[in-house]
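Trainee: I find it easier to learn a protein by starting from one spot than by looking at everything together. Could you take me through a close look at one helix and then show me how it connects to its surroundings?

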Amino acid sequence: MLYTFYCSDKPEAAGVRAANREAHLAFLSELGDRLLLAGPLLSEDGATVVGSLIIVECDDMAAARAVAARDPYAKAGLFSGVAIKPWRKTLPKS
């Protein structure tokens, strides 16, 4: 099943994000084909990063939580919160 991770950054955490970006990208790469998509969430100005959106295939919610906990951004304390929800892709059909 696919799971969305909606991750909100703590205020004034740009330095934490920058310091851990390479490790975060390496972690995402290690997910391989299980990763459907990942990218930063932006503020209304379209430039300021305020979080992350990740969609990854996991066996169940426990596995999704384990993946989220291994994210270097999470380990570094970047996020003020992470909402994990099951998700079903409907469109576009692939």
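The answer below begins in that helix and then moves outward.

Mentor: Happy to! Keep in mind that this is a predicted model. Let's start with helix α1, which covers residues 14-30, and pick out R17, one of its residues.

What does R17 pair with? R17 forms a salt bridge with D9, and the closest N and O atoms of the pair are 2.9 Å apart. You can also describe this as a polar contact of 2.9 Å between the two side chains. As a general point, side chains of opposite charge can pair when their charged atoms come close.

Now ask yourself: is R17 buried or exposed? Its relative accessible area is 11%, and anything under 20% is called buried, so R17 counts as buried. Its partner passes the same test: D9 has 13% relative accessibility, so D9 is buried too. D9 is part of β1, the strand that spans residues 2-9.

The salt bridge is just one piece of what surrounds R17. Setting aside residues up to four places away in sequence, R17 touches D9, V49, G51, S52, Y73, L78 and F79. Try finding each of these on screen, and you will see which parts of the chain come together around this side chain.

How many salt bridges does the structure hold? There are two. The other one joins R21 and E22, with the closest N and O atoms 3.9 Å apart. Here the surroundings can be read from the accessibility values: R21, at 43%, is partly exposed, while E22, at 57%, is exposed because its value is over the 50% cut-off. Put this beside the first pair, where R17 is buried and D9 is buried.

Stay in α1 for one more residue, N20. A polar atom of the N20 side chain lies 2.8 Å from the backbone oxygen of V16. Leaving out residues up to four places away in sequence, N20 touches P72, Y73 and A76. Did you notice Y73 in that list? Y73 is also among the residues that R17 touches.

Next, follow α1 into the interior. The helix is one of the elements that give two or more residues to the largest nonpolar core, together with β1, β3 (49-57), α2 (61-70) and β4 (79-87). This core has 17 residues, and F5 and V67 touch the most other members. A general idea helps here: in soluble globular proteins, nonpolar side chains tend to be buried together. Take F5 as your guide. Not counting neighbours within four places in sequence, F5 is in contact with S52, L53, I54, V56, A64, V67, A68, V82, A83 and I84. V67 is on that list, which puts the two residues with the most core contacts against each other. S52 is worth a second glance too, as R17 also touches it.

Strand β4, one of the contributors to the core, makes a good last stop. K85 lies in this strand, and beyond its neighbours in sequence it touches L2, Y3 and T4. W87 is in β4 as well. Is W87 buried or partly exposed? With a relative accessible area of 33%, W87 is partly exposed. Together with L36 and L37, W87 makes a nonpolar surface patch of about 250 Å².

Before you finish, come back to the start of our helix and look at the loop between β1 and α1, where E12 lies. At 83% relative accessibility, E12 is exposed. Its phi is near 60°, a positive value in a residue other than glycine. The segment after β4 holds another backbone detail at P92: a cis peptide bond joins L91 and P92, with omega at about -5°. Both are worth pausing over, because most residues other than glycine have a negative phi, and most peptide bonds are trans.

Methods
Residues numbered from 1 in each chain as written. Predicted model: local features only at pLDDT ≥ 70, side-chain atom pairs only at ≥ 80, totals over all residues. Heavy atoms only, no water. Core = buried A, V, L, I, M, F, W, Y, C linked by side-chain atoms within 4.5 Å. Buried < 20%, exposed > 50% of the residue type's maximum accessible area, 1.4 Å probe, protein only. Helix = DSSP H or I, 4+ residues; strand = E, 2+ residues; numbered from the N terminus. Contact = heavy atoms within 4.5 Å. Salt bridge = Lys/Arg side-chain N within 4 Å of Asp/Glu carboxyl O. Patch = residues over 30% accessible without salt bridge, like charges linked within 9 Å, V, L, I, M, F, W, Y side chains within 5 Å. Areas by Shrake-Rupley, 256 points an atom, 1.4 Å probe, with all protein chains shown as cover. Polar contact = N/O pair within 3.5 Å; in protein donor to acceptor, adjacent residues only side chain to side chain.
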